[in-house]
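The following report describes selected local features of one protein model, moving from loop residues to a surface patch and then to enclosed space.

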Amino acid sequence: MAGAADAPESSGARKFSLRPLRLRNNSQSTMNAILPLFVRWDVNPTMISIGSFEIRYYGLMWALALGISAYIFSRIIKREGYPDKLFDSIFWYGVLSTIIGARLGHCLFYDPGYYLTHPVEILYIHQGGLASHGAAVGLLVGLWLFSRKNKMPYIWSLDRISIAVAISGVAVRLGNLMNSEIYVPVTSLPWGFIFVRDDETLPKHPTQIYEALCYLATFGLLCWLYYAKDMARRRPGILFGIGLIGTFLTRFFIEYIKTEQEPFEVGWALDMGQWLSIPFILLGIYMIWRGATRPGTVPAPVPKAPAATPKKKKK
């Protein structure tokens, strides 16, 4: 998911605008001559640039995703009465394994021929190229190592990290939107986006927003199951399964309306993203079945935080 190349900004041009579009191309005869509304998307993916140093919105969204995940997991650990050092451990295992997995996934899933002959460039993460399926595999490995080191049940980590992963997916897809990437063919729907920096002239489906909304709904469902139903402790595995299905079933179906990310995908019945999603979907179904059919547990009440001791007044 490499970032789109920067295009020069015209002087006085607005970042985005809403306006009617008149189509003059006869090949678009199936569409209305006048679209009621569209979004002209012309956002520079680079937020700050000082000489050769730059900060891109996509990288910022990844940092935001990691920050939100860290906050959510720290609250979960405090809520369940675990020591703070457990958070430090899972944070570093999670962050490093996610980034390494995302980079290796991009290099090995989408362009193995190039990166296997130029292995040093795998380290050039600043040039872009992160794959969500690789991030998922890396995170599974990282959490297994964390659980083994801290003598914690593996499923404990998987259930709870699913909440953080869902909201992180929202941030990453918004980063894709800022990069003007992974959109789809022409649409006549009123919320179509014209991605000016890719020299597009017709509105396209903003699949980045579609995916972000699905992940946000998954996040809401997981939070409700965790906080209101205590599902992580009553039925271990169900949260993990729902998180997998909410993430990868969404990805599977939205891929149908995406353009191919790589030339080798042209002509495939299913693209690379769909093939890589199938194992996660099947695993999600199995985890839900496993959690629902095994005997449930009646967990002890969640420990409450000790009340603050009032300070004695000095006499």
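Helices (H or I, at least four residues) and strands (E, at least two) are taken here as DSSP runs, numbered from the N terminus. The model is a predicted one, in which local features need pLDDT of at least 70 and side-chain atom pairs count only at pLDDT 80 or more, while totals for chains, interfaces and linings use all residues. Residues are numbered from 1 along each chain as its sequence is written, and side-chain values use heavy atoms, with hydrogens and water left out.

Two loop residues and one strand residue are set out below, with relative accessible area read as buried when under 20%, exposed when over 50% and partly exposed in between (1.4 Å probe, protein chains only).

| Residue | Relative accessibility | Class |
|---|---|---|
| D198 | 27% | partly exposed |
| I55 | 30% | partly exposed |
| N44 | 18% | buried |

D198 lies in the loop that runs between β7 (193-195) and α6 (207-228). Its C-alpha atom is 9.8 Å from that of N179, a residue 19 positions away in sequence. N44 belongs to the loop between β4 (39-41) and β5, and the C-alpha atoms of N44 and R197 are separated by 8.1 Å although the two residues are 153 apart along the chain. The side chain of N44 also reaches the backbone nitrogen of T46, at 2.9 Å.

A nonpolar surface patch of about 500 Å² is formed by M47, I48, I50, F53, I55 and L60. Such patches are made of residues with over 30% relative accessible area and no salt bridge, with like charges joined within 9 Å and nonpolar side chains (Val, Leu, Ile, Met, Phe, Trp, Tyr) within 5 Å; a salt bridge is a side-chain nitrogen of Lys or Arg within 4 Å of a carboxyl oxygen of Asp or Glu. β5 (46-50) and β6 (53-56) each supply at least two residues of this patch, and the largest share, 3 residues, comes from β5. I55 lies in strand β6.

Turning to enclosed space, a cavity is a set of points on a 1 Å grid over the protein atoms alone where a 1.4 Å probe fits but cannot get out, and its lining residues have an atom within 4 Å of a point. The count comes to 1 cavity of 30 Å³ or more, and the largest cavity holds about 720 Å³ of space. Its lining comprises 37 residues, of which T98, A135, L139, V165 and S168 lie nearest the centre. Two or more lining residues come from each of α1 (57-79), α2 (84-110), α4 (132-150), α5 (154-178) and α8 (238-254), and α5 gives the most, with 10 residues.

Key. Areas by Shrake-Rupley, 256 points an atom, 1.4 Å probe, with all protein chains shown as cover. Polar contact = N/O pair within 3.5 Å; in protein donor to acceptor, adjacent residues only side chain to side chain. 1 Å grid on protein atoms, 1.4 Å probe; cavity = no way out; pocket = protein on both sides within 12 Å on 5 of 7 lines; lining within 4 Å. Points joined across faces, edges and corners; volume = space filled by probe spheres on them.
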